[in-house]
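Visitor: I am new to this structure. Please take one part of it and go over it closely, in one connected account.

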Amino acid sequence: MKNSVRKTVCAAMMAAVVFLATAVISIPNGLNGYINFGDGFVLLCGWLLGPLYGFLAAGIGSCLADLLGGYVMYVPATFLIKGTMALIASWIGGKGKSGIRLLSGLLAETLMVLGYFGFSALLLGNGWGAALSLPGDALQGAVGLTLAMLLFTMLSRLKADRFFSDKR
């Protein structure tokens with residue numbers, strides 16, 4: 001199978017996994033939000049698929065979860081925020097050791113928290129209402145980063161991360 005076809009299929013598969021991990025697993029966190037496993041797979045999109053395919057898979061999978069979950073007003077922001085998270089993960093931590101990967105995940109999750117804060121402040125017309133989501137979003141980011149680090153380590157040990165590589 002040609003590399004571009006395989007990469008497109010992998011990106012489509014990861015978009016579906018991001019969607020399912022975001023839409024199906026939804027645990028209320030008591031902090032004005034909920035926890036899902038989508039962010040973990042968003043980071044994996046960047047680390048495994050690279051900048052372009054990672055951006056598209058993460059953005060499409062996440063915004064589909066918003067669209068079908070009734071959060072239509074968040075769809076454009078989610079596409080950009082989650083896609084950019086994968087982009088940051090890829091650029092900084094894509095080929096790096098686990099410490100660099102952890103740093104890329106921290107930066108990506110920080111972007112998520114600040115991005116949703118900014119977008120919510122625009123929607124609400126002030127930052128006070130948007131500030132209520134900061135602790136929940138930070139918890140969501142911590143769960144996502146932990147999951148991504150664990151899954152990437154498992155995939156690497158099983159050599160399954162090579163399936164997503166251009167050089168099989």
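Guide: Two residues are in contact, or touch, when heavy atoms of theirs lie within 4.5 Å. The model is predicted, and Ile81 serves to show how the term is used. Leaving out residues up to four places away in sequence, Ile81 touches Leu111, Met112, Gly115 and Tyr116. Ile81 sits in helix α4, residues 75–93. Its relative accessibility is 9%, which is why Ile81 counts as buried, the cut-off being under 20%. Between the C-alpha atoms of Ile81 and Lys159 there are 29 Å, with their places 78 residues apart along the chain.

The part to look at closely is helix α2, residues 38–49, together with the helices it meets. Two packed helices are described by the angle between their axes and the distance between those axes.

Start with α3, which covers residues 51–68. The axes of α2 and α3 come within 7 Å of each other and cross at roughly 160°. That angle is over 145°, so α2 runs roughly antiparallel to α3. The crossing of α2 past α3 is right-handed. On the α2 side, the contact is made by Val42, Cys45, Gly46 and Leu49. On the α3 side are Pro51, Tyr53, Gly54, Ala57, Ala58 and Ser62. By class, the residues of this contact are seven nonpolar and three polar, with no charged ones.

Ala57, a residue of α3, gives a view of this contact from one position. Its relative accessibility is 2%, and Ala57 therefore counts as buried. Apart from residues up to four places away in sequence, Ala57 touches Cys45 and Leu49, and also Ala11, Met14 and Ala15. Ala57 and Lys82 are 25 residues apart along the chain, and their C-alpha atoms are separated by 9.2 Å.

Ala11, Met14 and Ala15 lead to helix α1, where they are among the buried residues. The others on that list are Arg6, Lys7, Cys10, Val18, Ala21 and Thr22. The buried residues of α1 pack against α2 and α3. Helix α1, residues 3–23, has 21 residues and reaches 30 Å from its first C-alpha to its last, close to the 30 Å expected at 1.5 Å a residue.

Leu67 is also in α3. Its relative accessible area is 41%, so Leu67 is partly exposed. With residues up to four places away in sequence left out, Leu67 touches Val72 and Val75. Leu67 and Thr78 are 11 residues apart in sequence, and their C-alpha atoms are 9.9 Å apart in space.

Return now to α2 and turn to α7, residues 134–157. The axes of α2 and α7 come within 7 Å and cross at roughly 45°. This makes α2 oblique to α7, and α2 passes α7 in a right-handed crossing. From α2, the residues in this contact are Asp39, Gly40, Phe41, Leu43, Leu44, Trp47 and Leu48. From α7 come Gln140, Gly141, Gly144, Leu145, Leu147, Ala148, Met149, Leu151, Phe152 and Leu155. The contact of α2 with α7 divides into 12 nonpolar, four polar and one charged residue.

Helix α7 itself has 24 residues and reaches 35 Å from first C-alpha to last, close to the 34 Å expected at 1.5 Å a residue. Its buried residues include Gly136, Asp137, Gln140, Gly144, Ala148 and Phe152. The buried residues of α7 pack against β2 (34–35), α2 and α5 (98–124). Just after α7, Lys159 takes a positive phi of about 65°.

The last pairing is that of α7 with α5. Their axes are 9 Å apart and pack at an angle of about 155°. The two helices, α5 and α7, are therefore roughly antiparallel to each other, and their crossing is right-handed. In α5 the residues that meet α7 include Leu102, Gly105, Leu106, Glu109, Met112 and Tyr116. Among their partners in α7 are Asp137, Gln140, Gly141, Gly144, Leu145 and Met149. The contact of α5 with α7 has 11 nonpolar, five polar and three charged residues. Met112 and Tyr116, two of the α5 residues here, are also touched by Ile81, where this account began.

Terms used. Residues are numbered from 1 along each chain as its sequence is written. This is a predicted model: local features need pLDDT of at least 70, side-chain atom pairs count only at pLDDT 80 or more; totals for chains, interfaces and linings use all residues. Side-chain values use heavy atoms; hydrogens and water are left out. Axes are lines fitted to C-alpha atoms, for helices over the stretch in contact, and angles run from 0 to 180 degrees between N-to-C directions. Helices (H or I, at least four residues) and strands (E, at least two) are DSSP runs, numbered from the N terminus. Angles under 35 degrees count as roughly parallel, over 145 as roughly antiparallel, 65 to 115 as roughly perpendicular and the rest as oblique. A crossing is left-handed if the near helix is turned anticlockwise from the far one by less than a right angle, and right-handed if clockwise. Ala, Val, Leu, Ile, Met, Phe, Trp, Tyr, Cys and Pro count as nonpolar, Asp, Glu, Lys and Arg as charged, and the others, Gly among them, as polar. The expected span of a helix is 1.5 Å times one less than its number of residues. Buried means under 20% relative accessible area, exposed over 50%, partly exposed in between (1.4 Å probe, protein chains only).
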